[in-house]
Amino acid sequence: MQSWMSEASLDRADNRRKVPEWVSEQWRRPEAQLLLVDAEGHIATNEEVTGPRGVAPEGDYDAERHTFLGLVEGVPWFTTEGSVTGARASLRHLGAVAVGAGLELAVGAVALIAWHRLEPYCPGCGALTTVTSGGLTRRCSECKRVQFPRTDPAVIMAVIDDQDRILLGRQASWDDGRMSVLAGFVDAGESLEQAVHREVFEETGVRLGEVRYFGSQPWPFPRSLMVGFVADAVSTDITIDKHEIDEAAWFSRAELAAALSERRVIMPGSASIAHRLITAWQGRLLG
């Protein structure tokens, strides 16, 4: 499981990718790799299903179809949407087993392909845009507006009370027993910390004191950035907003361990920052 805390292994070549001739040259290099992602977002993987699998690019480079992801130890990687034969996996699976450049390639491929598919038109004038910067931007031929991939910030927080218990909740749409830390999208004109306070109060009625940054994680479902926090609760009475979540409860470490052992509670997937926050609390690693 990747923590996303260290320097990226993938070199996105931000300055060089703006030159179309340079990107085309990378496509023609004999060691270049093309990562296929199908229409359902499944990624071509190695046989062990632990990392992405590239193939040698064929034919001419097409800026509208082939997105340049970057360089991994000098090797250029591209991605495109197409039929995947052989081993494949969802990003949720790879997020739990892949690390380093392999995971960065997979996340970038899924995010960029979804963006190009869903937002080909200019939001200013409605004209069809063309791909630029090797797939990192789109430019309108009419009003010349340049578009970048949209990222929706969301906060996710481990709320801890003065007895060192953690607050977990469950959405009605989740499987029975599945619980997680609270989360929500940031509103326009709102800081990340303000969003933490608002979301926790809206969902559970719990008031917070100090809020501390924990870490972040790209979450392209379809385009979120999850920003993790640890928050100190100054109240513990829970009032559920059924429009937000279905239930919430405080857990000590012993209570959560027992609930997990008896399958009364199911943890969030190991690919998620929610899992990292809970396991950090279990290991007494949250300051």
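**Close-up views of a predicted model**

**View 1. Arg284 and its surroundings in the segment after helix 6.** Arg284 is exposed, with a relative accessible area of 61%, and the structure in which it is shown is a predicted model. The residue belongs to the segment that follows helix 6, which spans residues 273-282. Its backbone has a phi near 60 degrees, a positive value in a residue other than glycine. When residues up to four places away in sequence are left aside, Arg284 is one of the residues touched by Arg253, the subject of the next view.

**View 2. Arg253 and its polar contacts.** Arg253 is part of helix 5, which covers residues 253-261. Its side chain and the side chain of Asp164 are joined by a polar contact of 2.7 Å, and the side chain of Arg253 also reaches a backbone atom, the oxygen of Trp281, at 2.9 Å. Not counting residues up to four places away in sequence, the residues that Arg253 touches are Asp164, Trp281, Gln282 and Arg284.

**View 3. Cysteines without disulfides.** A disulfide is a covalent bond between the sulfur atoms of two cysteines. The structure holds zero disulfides, and two cysteines are shown here with the cysteine sulfur nearest to each. For Cys122, which is in no disulfide, the nearest cysteine sulfur is that of Cys143, at 3.6 Å; for Cys125, likewise in no disulfide, the nearest is that of Cys140, at 3.4 Å. Neither pair is counted as a disulfide, because the sulfur atoms would have to lie within 2.5 Å. As for exposure, Cys122 is buried, with a relative accessible area of 4%, whereas Cys125 counts as partly exposed at 43% relative accessibility.

**View 4. His116 in helix 3 and the residues it touches.** His116 is found in helix 3, a helix that runs over residues 100-118, and this histidine is buried, with a relative accessible area of 14%. Its side chain reaches the backbone oxygen of Gly135 at 2.8 Å. Leaving out residues up to four places away in sequence, His116 touches Thr67, Val131, Gly135 and Arg138.

**View 5. Ser133 in the loop between strands 7 and 8.** The loop that holds Ser133 connects strand 7, residues 129-132, with strand 8, residues 137-140. The phi of Ser133 is near 55 degrees, which is a positive value in a residue other than glycine. Ser133 has a relative accessible area of 18%, and it therefore counts as buried, the cut-off for that class being under 20%.

**View 6. The cavity and its lining.** The structure holds one cavity of 30 Å³ or more, and about 100 Å³ of space lies in the largest cavity. Of the 14 residues that line the largest cavity, Leu91, Gly95, Val107, Gln217 and Trp219 are the closest to its centre. At least two residues of this lining come from each of three elements, namely helix 2 (91-97), helix 3 (100-118) and strand 13 (208-219). Sorted by class, the lining is made up of ten nonpolar, three polar and one charged residues.

**View 7. Ser216 in strand 13, with residues from distant parts of the sequence.** Ser216 lies in strand 13, one of the elements that supply residues to the lining of the largest cavity. At 22% relative accessibility, Ser216 counts as partly exposed. Although 211 residues separate Ser216 from Met5 in sequence, the C-alpha atoms of the two residues are 7.8 Å apart in space. With residues up to four places away in sequence not counted, Ser216 touches Ser3 and Trp4, together with Leu225, Met226, Val227, Gly228, Ile273 and Arg276.

**View 8. A cis peptide bond between Phe221 and Pro222.** The peptide bond that joins Phe221 and Pro222 is cis, with an omega of about 5 degrees. Pro222 is located in the loop between strand 13 and strand 14, the latter covering residues 224-233.

**View 9. The chain as a whole, for orientation.** The chain has six helices and 15 strands, and its C-alpha atoms fill a box of roughly 60 × 45 × 30 Å, taken along the principal axes. Of its 287 residues, 48% count as buried. Among contacts in the chain between residues at least 6 apart in sequence, 65% join residues at least 24 apart.

Key
Residues are numbered from 1 along each chain as its sequence is written. This is a predicted model: local features need pLDDT of at least 70, side-chain atom pairs count only at pLDDT 80 or more; totals for chains, interfaces and linings use all residues. Side-chain values use heavy atoms; hydrogens and water are left out. On a 1 Å grid over the protein atoms alone, a cavity is a set of points where a 1.4 Å probe fits but cannot get out, and a pocket is an open set with protein on both sides within 12 Å along at least five of seven lines; lining residues have an atom within 4 Å of a point. Grid points are joined across faces, edges and corners, and a volume is the space filled by probe spheres set on the points. Helices (H or I, at least four residues) and strands (E, at least two) are DSSP runs, numbered from the N terminus. Ala, Val, Leu, Ile, Met, Phe, Trp, Tyr, Cys and Pro count as nonpolar, Asp, Glu, Lys and Arg as charged, and the others, Gly among them, as polar. Buried means under 20% relative accessible area, exposed over 50%, partly exposed in between (1.4 Å probe, protein chains only). A polar contact is a pair of N or O atoms within 3.5 Å; within protein, one must be able to donate a hydrogen and the other to accept it, and residues adjacent in sequence count only if both atoms are side-chain atoms. Contact means heavy atoms within 4.5 Å.
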